[in-house]
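Hi everyone, thanks for coming. I'd like to talk you through one structure today, so have a look at the screen and then we'll go through it piece by piece.

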Amino acid sequence: MTPDYTKIEEFVKSKLKPSRFIHSEGVMEMSQLLASRFGVDEEKAKIAAIYHDAYRYDSTPESIDIVEKGGYEVWLEERKDPMLLHGALAAVNFDRDAGCAVSSDMKDAVRHHTLGHVSMGRLGGIIYISDYAEKGRKHLSEDERRAILNKDSLESMIIYILERSRDYLLSKGMEEAGVSKSLYNYLKEGGRL
């Protein structure tokens, strides 16, 4: 069963600061465009996108136990920075917040929107790309946004984003997450979502 968008939108709006909710609306808009372009269910994309950051402000060290009890693996980077668990917390709570059973592809999309994952699927790829490149993101110029969106596949868009993110992290003396490296290697070797 697909959740009711209006119910999810109201829930998310009640949990997020206005600026973060505007970001979620931007992710939703871009997700629908990408879903239409790549033949992915647009309603699922719309709902997963608006919901993806619902738990943005709820991550604490205790979130690790909640996520693991919810059946999700916690990556090393998430253990070091529990804020990264907000997607996993959303996935754990999705059924309850929607008032119905939510499909696994929607949960996976929400779970993996921050660091990516080889098993995030096409819907997950759409949410990942949209979260990074939605029109309100100030870290991208319009030329960079177009460069992403002009790629011919979800996989090539994600490769571009991962390379750009890696360059940024290296410039700050930080290391790329292991799960992101695995996704990059998988896609570079011809893996498909």
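**Pocket, cavity and rings**

Let me start with helix 10, which contributes seven residues to the lining of the largest pocket, the most of any element. Before I go on, please keep in mind that this is a predicted model.

So what else lines that pocket? Helix 5, residues 76-80, and helix 8, residues 121-133, join helix 10, residues 154-171, as the elements that give two or more residues to the lining of the largest pocket. In total, 30 residues line the largest pocket. If you want to centre your view, the ones nearest the middle are Leu84, Thr114, Leu115, Ser165 and Leu169. The space in the largest pocket comes to about 980 Å³.

For those of you thinking about chemistry, here is how the lining of the largest pocket splits up: twelve residues are nonpolar, twelve are charged and six are polar.

Now, closed space. How many cavities of 30 Å³ or more does the structure hold? Just one. The volume of the largest cavity is about 40 Å³. Around the largest cavity you'll find Trp75, Glu78, Arg111, His112, Thr114, Leu115 and Gly116. You've heard two of those names already: Thr114 and Leu115 are also among the residues nearest the centre of the largest pocket. By class, the lining of the largest cavity has three polar, two nonpolar and two charged residues.

Okay, on to the rings. There are four aromatic pairs in the structure. The one I'd like to show you is Tyr51 with Phe94: the ring centres are 4.0 Å apart and the planes make an angle of 15°, so this pair counts as stacked. The cut-off there is planes under 30 degrees apart.

Where do these two rings come from? Tyr51 belongs to helix 3, residues 42-51, and Phe94 to helix 6, residues 86-98, so the pair ties together parts that are 43 residues apart in sequence. And are they buried or exposed? Tyr51 is buried, at 0% relative accessibility, and Phe94 is buried too, with a relative accessible area of 0%. Together with Phe11 and Tyr55, Tyr51 and Phe94 make up one aromatic cluster.

There are also charges sitting over rings. Arg166 has its charged end over the ring of Tyr184, 4.2 Å from the ring centre. Over at Tyr5, Lys46 lies above the face of the ring, 4.3 Å from its centre.

Lys46 leads us to Gln32. Leaving aside residues up to four places away in sequence, Gln32 touches Lys46 and Glu42. Gln32 is part of helix 2, residues 18-38, and is partly exposed, with a relative accessible area of 25%. Here's a long-range one for you: Gln32 and Ile126 are 94 residues apart in sequence, yet their C-alpha atoms are 8.8 Å apart in space.

Last stop, Ser63. You'll find Ser63 in helix 4, residues 63-69. With a relative accessible area of 1%, Ser63 counts as buried. Which residues does Ser63 touch, not counting residues up to four places away in sequence? Asp58, Leu85 and Leu89.

That's my tour, so over to you for questions.

Notes
Residues numbered from 1 in each chain as written. Predicted model: local features only at pLDDT ≥ 70, side-chain atom pairs only at ≥ 80, totals over all residues. Heavy atoms only, no water. 1 Å grid on protein atoms, 1.4 Å probe; cavity = no way out; pocket = protein on both sides within 12 Å on 5 of 7 lines; lining within 4 Å. Points joined across faces, edges and corners; volume = space filled by probe spheres on them. Helix = DSSP H or I, 4+ residues; strand = E, 2+ residues; numbered from the N terminus. Nonpolar A, V, L, I, M, F, W, Y, C, P; charged D, E, K, R; others polar. Phe/Tyr/Trp six-rings, centres within 6.5 Å; stacked < 30°, edge-to-face > 60°. Buried < 20%, exposed > 50% of the residue type's maximum accessible area, 1.4 Å probe, protein only. Lys NZ or Arg CZ within 6 Å of the ring centre and 35° of its normal. Contact = heavy atoms within 4.5 Å.
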